[in-house]
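Here is my note on this structure, written for a reader who is new to such models. Please keep the structure open beside the text and look up each residue as it is named.

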Amino acid sequence: MRSLFFLSLMLILFAACNSKTASVTSGSVSQTAPYIWDGPNFPKNVKISTAFTDPGETAKITEMATAWDSAMNNQVQFFNFIIGTESEKTNSISGPNQLRDNVFGIYKAANWPYPEYPDALAITQIFAIRYNSGSSNEYVAIQEADIIMNDENFDFDTGGFDYDFRTVLLHEMGHFLGLQHKPRDYNRNNTVMYPSIYSYETKRIPQTIDKQDLSEKYNIVLPLTAGGSAITSDPVSYTKKPGDAGEVVKVILELRANGDCIHRMDGVETERHHIRGLK
Ligand SMILES: [Zn+2]
């Protein structure tokens, strides 16, 4: 079944890269608005679903979290995992506010709860408040984030024609922390936040640009790089306008197996990246 599904994906021809800004309830969503945790107090307690029954899986989740910590020279511990206490909620959720429960989780969906996105490898779903809407300093303050792996339509780490669990997870954890994609003309080998992932592709360590982006976002000062140049800051002002109550939004960051990665905010597509074919 899974291989049939995948083969059908391989046969589909997709349209060229389509990037657009769409309207939501008020104003237009900025593609470039940065994301940051609303109260960046780390670590975030993250519950790992009981559906991850293989200790090897939870070990890989921990390993990728450690990779993000190591990228910051262990000055921050981003994640504190709680294993084996959270049921697989994706089996019984529905509606637009699914998983909005103030629990940050990593889920393994055997029954993929996003039928509108059947070919997503994984989704990072974020509830946030958008401030300074429509302004150049618009930003998105994350209140809750969950990572959901698509275990219904895809195999991970079977050794066959599949996707690398850790590569997908490291990327999704980057979204969890507020990182967005690098442009598609960026060298895919130089970032783990490239908008697509191939089967067989393994990227399990944040690269220099990923470190820089994360250190800037949370003002984590890193030592000189091996080349002698300091990782310097290009600070973004995460300051809301006086009296701005903000706008609650749900953001879905969808990583698709076909090479598209689509961002949706309140159900409206805000950004799409596409890589045509394998190269
Ligand atoms: Zn992504």
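1. A pair of bridge partners in the middle of the sheet makes a good starting point. In this predicted model, the residue of β3 that is the bridge partner of Val 46 is Phe 81, and the strands to which the bridge belongs, β2 and β3, pair in the parallel sense over six bridges. Between these strands the chain passes through α2, and the β-α-β crossover that results is right-handed.

2. Val 46 has a further neighbour to look for, since it stands opposite Phe 104 in β4. The strands β2 and β4 also run parallel, and three bridges join them.

3. With that corner in view, the whole chain can be laid out. It holds four helices and nine strands, and, read from the N terminus, the order of elements is α-β-β-α-β-β-β-β-α-α-β-β-β. Of its 279 residues, 35% count as buried. Among contacts between residues at least 6 apart in sequence, 68% join residues that are at least 24 apart.

4. How far apart are the end C-alpha atoms of helix α2, and does that distance agree or disagree with the expected span? The helix comprises the 17 residues 55-71, which at 1.5 Å a residue should span 24 Å, and the end C-alpha atoms are indeed 24 Å apart, so the expected and the computed values agree.

5. Which residues of α2 are buried? They are Glu 57, Lys 60, Ile 61, Met 64, Ala 65, Trp 68 and Ala 71. Because these residues cover an arc of only 135° around the axis, they lie on the same side of α2. On the other side of the helix, Pro 55, Gly 56, Ala 59 and Ser 70 are exposed. I would ask the student to view α2 along its axis and find both groups.

6. The cover over the buried residues of α2 comes from several parts of the chain, including the strands β2 (44-49), β3 (79-86) and β4 (104-109) and the helices α3 (165-176) and α4 (208-217). One residue that can be followed by eye is Met 173, which touches Met 64, Ala 65 and Trp 68, leaving aside residues up to four places away in sequence.

7. Met 173 appears again when the largest nonpolar core is examined, for among the 52 residues of this core, Ala 122, Val 168 and Met 173 touch the most other members. The elements that give two or more residues to this core are β1 (35-37), β2, α2, β4, β5 (120-131), β6 (139-150), α3 and β7 (247-256).

8. Helix α4 deserves a look of its own. Its buried residues are Asp 210, Lys 211, Asp 213, Leu 214, Ser 215 and Lys 217, and what covers them includes β1, α2 and α3.

9. Some backbone angles should be checked with care, given that most residues other than glycine have a negative phi, and most peptide bonds are trans. Asn 73, which follows α2, has a positive phi near 55°. Just after α4, Asn 219 likewise takes a positive phi of about 55°; its place is in the loop between α4 and β7, and it is exposed, because only 9 other C-beta atoms lie within 10 Å, where 12 or fewer is the limit for that label. Tyr 200, in the loop between α3 and α4, has a positive phi near 75°, and Tyr 200 is exposed as well, with 11 other C-beta atoms within 10 Å.

10. The peptide bond between Phe 42 and Pro 43 is cis, with omega at about 0°. Pro 43 is found in the loop between β1 and β2, so a student can reach this bond by following the chain out of β1.

11. Finally, is Leu 253 buried or exposed? Leu 253 lies in strand β7 and is buried, because 28 other C-beta atoms lie within 10 Å, while 20 or more are needed for that label. The C-alpha atoms of Leu 253 and Phe 176 are separated by 9.7 Å, although the two residues are 77 residues apart along the chain.

Notes:
Residues are numbered from 1 along each chain as its sequence is written. This is a predicted model: local features need pLDDT of at least 70, side-chain atom pairs count only at pLDDT 80 or more; totals for chains, interfaces and linings use all residues. The expected span of a helix is 1.5 Å times one less than its number of residues. The arc is that of the directions from the helix axis to the C-beta atoms. Two residues are in contact if their C-beta atoms, placed from the backbone, lie within 7 Å. Two strands pair if DSSP finds at least two bridges between them. A crossover is right-handed if, with the strands pointing away from the viewer, the path from the first strand over the helix to the second runs clockwise. A nonpolar core is a set of buried Ala, Val, Leu, Ile, Met, Phe, Trp, Tyr and Cys residues joined through C-beta atoms within 7 Å.
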